[in-house]
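Work through the following exercises with the sequence and the model side by side. Each exercise gives a task first and then a solution that proceeds step by step.

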Amino acid sequence: VKFNATAAQVIYDAADPYTRKVVIDKGMVQHIAMGSPVVDELGVVGQVTRVYPLVSEVTLLTDRDHAIPVLNTRTGARGVAFGDVTTHVDAMELRYMAANADVMEGDLLTTSGVDGVYPPGLRVARVEKVERRVDAVFARIYCTPLALVSGAGHVLVLEPLANQIPPRPPADVPAVVPRRGAAH
């Protein structure tokens, strides 16, 4: 799969101490689009959430309001990883996984591609700790992002996946339905 990407430099962290966002030096002038995935050489950094003429705001994976569909590369199980600042600043939590789910420390999580935002197969995080309690339906699964979410200097902004999907055929064109008994 081929992706169009734009190199960008992180120019500063967003001023709000309750969010995990950075500002990059590319914007509308450089054709940066809302929702674009942002990566570094190690994995997913976050997603473009605001675009201005010359700069863009990127919400990092570790932001408490950020969620990313992931795939456990060892088991093939899908899940959703959320930003989590309860354990330490740059952490994530794999939520809504059954207490008996096959998840182990060290498992690699990649993008699943089901959200139409992130292409499948980009490295996201590694499982750091799994807490299973008998009285809980879901396990507490803590993850560490692989990308340099704190202190990243340079990133790549990928073209949104939605821009790479061919357009739907016009609604007024009737579908061709083979007749019964017709030779193929």
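Two strands are said to pair if DSSP finds at least two bridges between them. Keep in mind throughout that this is a predicted model.

**Exercise 1. The strands and their partners**

Task: Describe the secondary structure of the protein, and then find which strands pair with β12.

Solution. Step 1: The secondary structure comes to zero helices and twelve strands, and along the sequence this reads as the pattern β-β-β-β-β-β-β-β-β-β-β-β.

Step 2: Strand β12, which covers residues 154-158, pairs with β1 in the antiparallel sense over five bridges. Within this pairing, Gln-9 stands opposite His-154 in β12.

Step 3: Strand β3, made of residues 37-39, also pairs with β12 in the antiparallel sense, here over two bridges, and Val-38 is the residue that stands opposite Val-157 in β12. With two bridges, the pairing of β3 with β12 satisfies the cut-off of at least two.

**Exercise 2. The barrel**

Task: State which strands make up the closed barrel and in what order they run, and then look at how β7 and β8 pair.

Solution. Step 1: Six strands form a closed barrel in the order β6-β7-β8-β11-β10-β9, and their pairing is antiparallel. From one strand to the next, the twist averages 45°.

Step 2: β7 and β8 pair in the antiparallel sense over five bridges. If you locate Phe-82, you will find that its bridge partner in β8 is Glu-93.

**Exercise 3. Salt bridges between separate loops**

Task: Count the salt bridges, and then compare where the residues of two such pairs lie and whether they are buried or exposed.

Solution. Step 1: A salt bridge here needs a side-chain nitrogen of Lys or Arg within 4 Å of a carboxyl oxygen of Asp or Glu. By this rule the count comes to nine salt bridges. As background, side chains of opposite charge can pair when their charged atoms come close.

Step 2: Asp-90 forms a salt bridge with Arg-20, and their closest N and O atoms are 2.7 Å apart. The pair links distant parts of the chain, since Asp-90 lies in the loop between β7 (78-84) and β8 (91-95), Arg-20 lies in the loop between β1 (5-13) and β2 (21-24), and the two residues are 70 residues apart. Both Asp-90 and Arg-20 are buried.

Step 3: Asp-102 forms a salt bridge with Arg-74, with the closest N and O atoms 2.8 Å apart. Asp-102 lies in the loop between β8 and β9 (108-111), while Arg-74 lies in the loop between β6 (67-72) and β7, so this pair ties together parts that are 28 residues apart in sequence.

Step 4: Asp-102 counts as partly exposed because its relative accessibility is 46%, and Arg-74 counts as partly exposed because its relative accessibility is 40%; the cut-offs behind this are under 20% for buried and over 50% for exposed.

Step 5: As a further case, the side chains of Arg-133 and Asp-135 meet in a salt bridge at 2.9 Å, N to O, and both Arg-133 and Asp-135 are exposed.

**Exercise 4. The surroundings of Asn-72**

Task: Decide whether Asn-72 is buried or exposed, and trace its contacts to Arg-74 and Asp-107.

Solution. Step 1: Asn-72 has its place in strand β6, and it counts as buried because its relative accessibility is 3%.

Step 2: A polar atom of the side chain of Asn-72 lies 2.9 Å from the backbone nitrogen of Arg-74, and the side chain of Asn-72 also makes a polar contact, at 2.8 Å, with the side chain of Asp-107.

Step 3: Both of these partners appear again in a network of salt bridges, in which Arg-74, Asp-102 and Asp-107 are linked.

**Exercise 5. Inside and surface**

Task: Find what share of the residues is buried, and then describe the nonpolar patch that includes Phe-138.

Solution. Step 1: Of the 184 residues of the protein, 42% count as buried.

Step 2: On the surface, Tyr-96, Val-137 and Phe-138 form a nonpolar patch, and together they have about 350 Å² of accessible area.

Step 3: Phe-138 lies in the loop between β10 (123-131) and β11 (140-145), and Phe-138 counts as partly exposed because its relative accessible area is 42%.

Definitions and conventions: Residues are numbered from 1 along each chain as its sequence is written. This is a predicted model: local features need pLDDT of at least 70, side-chain atom pairs count only at pLDDT 80 or more; totals for chains, interfaces and linings use all residues. Side-chain values use heavy atoms; hydrogens and water are left out. Helices (H or I, at least four residues) and strands (E, at least two) are DSSP runs, numbered from the N terminus. Buried means under 20% relative accessible area, exposed over 50%, partly exposed in between (1.4 Å probe, protein chains only). Axes are lines fitted to C-alpha atoms, for helices over the stretch in contact, and angles run from 0 to 180 degrees between N-to-C directions. Patches are made of residues with over 30% relative accessible area and no salt bridge: like charges are joined within 9 Å, nonpolar side chains (Val, Leu, Ile, Met, Phe, Trp, Tyr) within 5 Å. Accessible areas come from the Shrake-Rupley method with a 1.4 Å probe; for residues, only the protein chains shown count as cover. A polar contact is a pair of N or O atoms within 3.5 Å; within protein, one must be able to donate a hydrogen and the other to accept it, and residues adjacent in sequence count only if both atoms are side-chain atoms.
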